[in-house]
Amino acid sequence: MRRKIVLILILLLLFLVSGCGFKDIDKRFFVVSIGVDKVKDTDQKYRVVLKLVIPSSTEKFGASQSLLVHEEANNITDAIRIMKSKVDKELDFGHLKVILFGEELAKQDITQITDWFTRRRDIQRIAWVGIAKPDVEAIMDLTSKAERLPSNAFIISFGQSGTESAFITSEYLFNFRSRLKERGLDPFLPVIEPPPDKNGMFKTDTVALFDKHRVKVILNPDETKALNAIALGLRKLDIEVGKGKETFMVSAESVKTKYKIDTTGNKPTVVMNVNISGTIEESKSALSGSKLSHYEEMTDRYAGERVLKLLKRLQKENIDPIGFGLRYRATHFNNQTKWEDWCSIYPNVDFKVNVHTELRGTGLIQ
Amino acid sequence: MNRYFLYLAFLNMVANVVSIVPSMLLKDRFNGSGMAIVLAVPIGVALSYIVVKSMEKFPRMDLPEILKSTVPNWVRFIILFVFGMVWFTAGLMILLVYGDISKVFINPDLSNLQIVCFFLALVIPVSLLKSDRILYMMEILFWINTPLIAFISVKSLFYQYMKWDAVWATGTTITKFPSIKLLSAASYIFVGSSNMIIFGRLFEKKIKKRAFAIIAVGGFFTLFTTFFIPIGLLGADGVGEYVYPWITSADSLRIELGFVERVIFPFLLLYASISFMSIIISWHVSLKLFPDIFSFTRRWGKFKKFSPWLMPSIFAVTAMYLGARLNEPLIFKLGSIFFTYRLGAEILLVLLLLYAAWRKKT
């Protein structure tokens, strides 16, 4: 009996513990996207823009309301602290889904900024990261009639849970950070631009490739598509094959890429095998089912050329978003020198691209 | 009863995923961790096999009782004290680490002392229960948690962003011989079966050999996933910068169509229950080892009246003090010291039990 009383007394002591620091949901501002940009003409380093959701009772298309708050400071922490004094509710980063870096900033140095995002405990590692062109505010200001929640358009198009486009690349925060650190696997980010006309929502058909610090090159849409297909896990894409009258479009359902680094010969070679399977979606002239193998060969040739051109360009810029360097590290055992070895191999390595296409048919008509 | 032995072993394996073991292994990922994992399996299984089989020579007896009949009193005092401290520290480590994790990820506004107090209010009364009840409780928690853990590990192994090249890049350093510290940390996940020094009293049938095969396979899989999943997700070079690589890895997983998109929340809840259970088991063993020390001379007789509450109070005060005082790097330092000597304690236990079994035979 005495033991029980003592136990109850101890448990009662827990009431002395102060309540937790939980703030009610109506006293919070949820930040859905954050943008960091360079400031022109002042000595402050960063311009930070937050998009805050204004909650509404009805969730309707086009009814999403949000607030843009911005601040300039020498570091992100300062900017956030000052912004906290500008709004009435507590800023909550738990639902932060989109992180945008300004193009100017990305061209200078990006490693420092990702530090804040990875060090903070409350930032999701699965937030989408992108580059805003020409500047962050132009992109974050975009609203659309088709959005139910602020920034939702980015979220569903990056996740490919909405539109599935071969031009859209997407990158999570954790993966971006890990690529920044990984020797032999370089980071990339999608570039988001305002729509060319007022009916679009936004335009994201290019990808920016980084070395370990800054943007090195921004690929054009066609190269973006090729890179997306061979390296970034895209499943569906369309390929233009042939020229002049004999042009047709292949709609690929699956693209599987395997590569290995062959160092047995006198010149190191990267051998890349691409397996494409799909059907023909559009043609300028009539097609014949019996000539399918001919069409397959044509696709092999045209796709192969495009991939080879892309690989050569990456090599010329000395960047490696596909991860050949990491593959080299994974398959060679001379741990002391292998990274230096690869650094000297990569600029001179030969590429061999074998594309193997399997066409299921010519579509519904011949 | 055989299955409870497996629960004991497996609980310890999964509990260490959030503790310091993965951080220690990942920090030295290019300096022998791979080899440590490979070597830890035979070492760990062999040690736990000897412990269990020697204990079986003394049916219905626990370690304090065995020692009573084999060694002089003062030796028994020292041995029980050492092992009591080892088991206490094992529980304490998980308590401190999970306390720190809950402060960082669950409620940053609570002070460390308050968090530790909450934990203690749950852990201490439960660890004073009878051994068999603790085993029953463990069985329930085991079956609630294991499917979720299996889901998370399998999900991450097949995750699109799992970079197997990074795993292999680390794997190429497997020929490096590990330090004792790494070996000790890696083999720590097998010490769950050493809890049999107290719980063994309840086991009537002999533990089948098959159980050790299951432990070997399960242990290897656990070590493999604890080590390589963070590397695959966070990168061979990048993984080193994270304080809690496993929590960051869980946060990197996204289940698009799950109830919760972010895996970190179920993961934290899951590991709350696993950590609690693991602390309860360790401290239960520890609390069973200590009382005998106080009955060893007449002079301690006075303390007997207080003894049921004496040790738990000491545990609580120590945990509260350390929880309030230690910061993150210090907790990790304490942990790495503990794990370095833990293998030594395990070997000491094995030798002791072998000696006891040999004495009984002759």
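Here are some short exercises, each with a worked solution, on the predicted model shown above.

Before you start, note that residues are numbered from 1 along each chain as its sequence is written, and that chains are lettered from A and ligands numbered from 1 in the order in which they are written. Local features need pLDDT of at least 70, side-chain atom pairs count only at pLDDT 80 or more, totals for chains, interfaces and linings use all residues, and side-chain values use heavy atoms, with hydrogens and water left out.

**Exercise 1. The interface**

Task: Describe how chain A and chain B meet, beginning with contacts and buried area.

Solution:

Step 1. Start with contacts, meaning heavy atoms within 4.5 Å. On this basis, 43 residues of chain A touch 39 residues of chain B.

Step 2. Turn to area. The size of an interface is often given as the accessible area lost when the parts come together. Buried area here is the accessible area (1.4 Å probe) that two parts lose on being put together, summed over both. For chain A and chain B this comes to about 3400 Å², with 55% of it on carbon and sulfur atoms. On the chain A side, the residues that lose the most area to chain B are Arg121(A), Ile126(A) and Phe174(A), together 18% of what that side buries.

Step 3. Look for polar links. A polar contact is a pair of N or O atoms within 3.5 Å; within protein, one must be able to donate a hydrogen and the other to accept it, and residues adjacent in sequence count only if both atoms are side-chain atoms. Between the chains, 13 residue pairs are in polar contact, both residues being at pLDDT 80 or more.

Step 4. Find the elements involved. Helices (H or I, at least four residues) and strands (E, at least two) are DSSP runs, numbered from the N terminus. In chain A, α1 (2–13), α7 (173–181) and α10 (324–331) each supply at least two residues of the side that touches chain B. The largest share, five residues, comes from α7(A).

Step 5. Sort that side by class. Ala, Val, Leu, Ile, Met, Phe, Trp, Tyr, Cys and Pro count as nonpolar, Asp, Glu, Lys and Arg as charged, and the others, Gly among them, as polar. The side of chain A that touches chain B has 16 nonpolar, 15 polar and 12 charged residues.

**Exercise 2. Salt bridges**

Task: Count the salt bridges over all chains and between chain A and chain B, then work through examples.

Solution:

Step 1. Set the rule: a side-chain nitrogen of Lys or Arg lies within 4 Å of a carboxyl oxygen of Asp or Glu. The count is 29 over all chains, and seven between chain A and chain B. One example across the chains pairs Asp251(B) with Arg125(A), their closest N and O atoms being 3.9 Å apart.

Step 2. Go inside chain A. Arg47(A) and Glu72(A) form a salt bridge at 2.4 Å, N to O. Arg47(A) is in strand β2 (residues 46–54) and Glu72(A) in strand β3, so the pair ties together parts that are 25 residues apart in sequence.

Step 3. Check accessibility. Buried means under 20% relative accessible area, exposed over 50%, and partly exposed in between (1.4 Å probe, protein chains only). Arg47(A) is buried because its relative accessibility is 18%, while Glu72(A), at 25%, is partly exposed.

Step 4. Compare a pair within a helix. Glu103(A) and Lys107(A) form a salt bridge with closest N and O atoms 3.2 Å apart. Both lie in helix α3 (residues 103–108) of chain A, four residues apart, about one turn of the helix.

**Exercise 3. A buried glutamate**

Task: Where does Glu71(A) lie, and is Glu71(A) buried or exposed?

Solution:

Step 1. Glu71(A) sits in strand β3 (residues 65–73) of chain A.

Step 2. Glu71(A) counts as buried because its relative accessibility is 14%.

Step 3. The Glu71(A) side chain makes a polar contact of 2.6 Å with that of Lys86(A). Leaving aside residues up to four places away in sequence, Glu71(A) touches residues including Tyr46(A), Val48(A) and Ile82(A).

**Exercise 4. Backbone exceptions**

Task: Which residues are joined by a cis peptide bond, and what is the phi of Asn318(A)?

Solution:

Step 1. Most residues other than glycine have a negative phi, and most peptide bonds are trans.

Step 2. Lys133(A) and Pro134(A) are joined by a cis peptide bond, with omega about 5 degrees. Pro134(A) is in the loop between β6 (128–132) and α5 (136–140) of chain A.

Step 3. Asn318(A) has a positive phi of about 60 degrees, and lies in the loop between α9 (292–317) and α10 of chain A.
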